Amino acid sequence: MSYDRTIRLGADFATAVTAVRKALADQGFGILTEIDVKATLKAKLGHDMEDYLILGACNPPLAHQALEADRSIGLLLPCNVVVRRDGDTTLVQALDPGTMVTLTGLPALEPVATDATARLDAALRSLT
């Protein structure tokens, strides 16, 4: 089962991160959290790795609708967007919102997943 929506960009990492932030904002997503995995692993473990950033994106109306359907859905909300280097390119990855429906089997989440998928796909398309 595929659980991601991924695109590959020719842009450098910093340019891609800036573009991803704008693309998500244009689709109604705010960035609530940011985890610089590369810096964290270097500081905590002395481990060197490629640029890897996790953006905690949130669309409040969609999150509210999902939480009204199932309070435990916070565990599965498609909030994380990963921007990471992969060789000479940058990958942008988002959790497929349909995963919420597949894992829970709750029909009430289908409209949320459909809307979130449309918005995430639009954001990803705008980057190419």
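**Notebook: a look around strand β5**

I started with strand β5, residues 89-95, and found that 6 of its 7 residues are buried, so β5 is largely enclosed by the rest of the structure. A note to myself before going on: this is a predicted model.

**Who pairs with β5?**

Next I looked up the partners of β5. Strand β1, residues 4-9, is joined to β5 by 6 bridges, and the two run antiparallel. To find my place in that pairing I picked Asp-4, which stands opposite Leu-95 in β5.

Strand β4, residues 80-86, also runs antiparallel to β5, with 6 bridges joining them. Here I used Val-82 as my marker, and Gln-93 in β5 stands opposite Val-82.

How many residues sit between the strands in the hairpin of β4 and β5? I found 2, and in this hairpin Gly-87 takes a positive phi near 65 degrees.

**The whole chain**

Then I stepped back to see the full layout. I noted 5 helices and 5 strands in the protein chain. Read from the N terminus, their order is β-α-β-α-β-α-β-β-α-α. The radius of gyration is 15 Å, close to the 14 Å that the globule rule gives for 128 residues, so the chain is as compact as a globular protein of that length. I also wrote down the span of the C-alpha trace along its principal axes, about 45 × 35 × 25 Å.

I wanted to know how the chain meets itself. Among contacts with a separation of 6 or more, 66% are between residues 24 or more positions apart.

**Inside and outside**

Of the 128 residues in the chain, 39% count as buried. For the outside, I noted an accessible surface of about 7,000 Å², and 56% of that belongs to carbon and sulfur atoms.

What about charge? I listed 12 positive and 16 negative side chains, and the centres of the two sets lie 3 Å apart.

**One residue in a helix**

Last, I chose Ala-118, which is found in helix α5, residues 110-127. Is Ala-118 buried, exposed or partly exposed? Its relative accessibility is 44%, and buried means under 20% while exposed means over 50%, so Ala-118 counts as partly exposed.

I also checked Ala-118 against Val-81. These two are 37 residues apart along the chain, and their C-alpha atoms are separated by 15 Å. Val-81 took me back to where I began, since strand β4 covers residues 80-86 and pairs with β5.

Conventions: Residues numbered from 1 in each chain as written. Predicted model: local features only at pLDDT ≥ 70, side-chain atom pairs only at ≥ 80, totals over all residues. Heavy atoms only, no water. Helix = DSSP H or I, 4+ residues; strand = E, 2+ residues; numbered from the N terminus. Rg over C-alpha atoms; globule rule 2.2 N^0.38 Å. Buried < 20%, exposed > 50% of the residue type's maximum accessible area, 1.4 Å probe, protein only. Contact = heavy atoms within 4.5 Å. Areas by Shrake-Rupley, 256 points an atom, 1.4 Å probe, with all protein chains shown as cover. Lys, Arg positive; Asp, Glu negative; His and termini not counted. Charge placed at Lys NZ, Arg CZ, Asp CG, Glu CD. Pairing = 2+ DSSP bridges.
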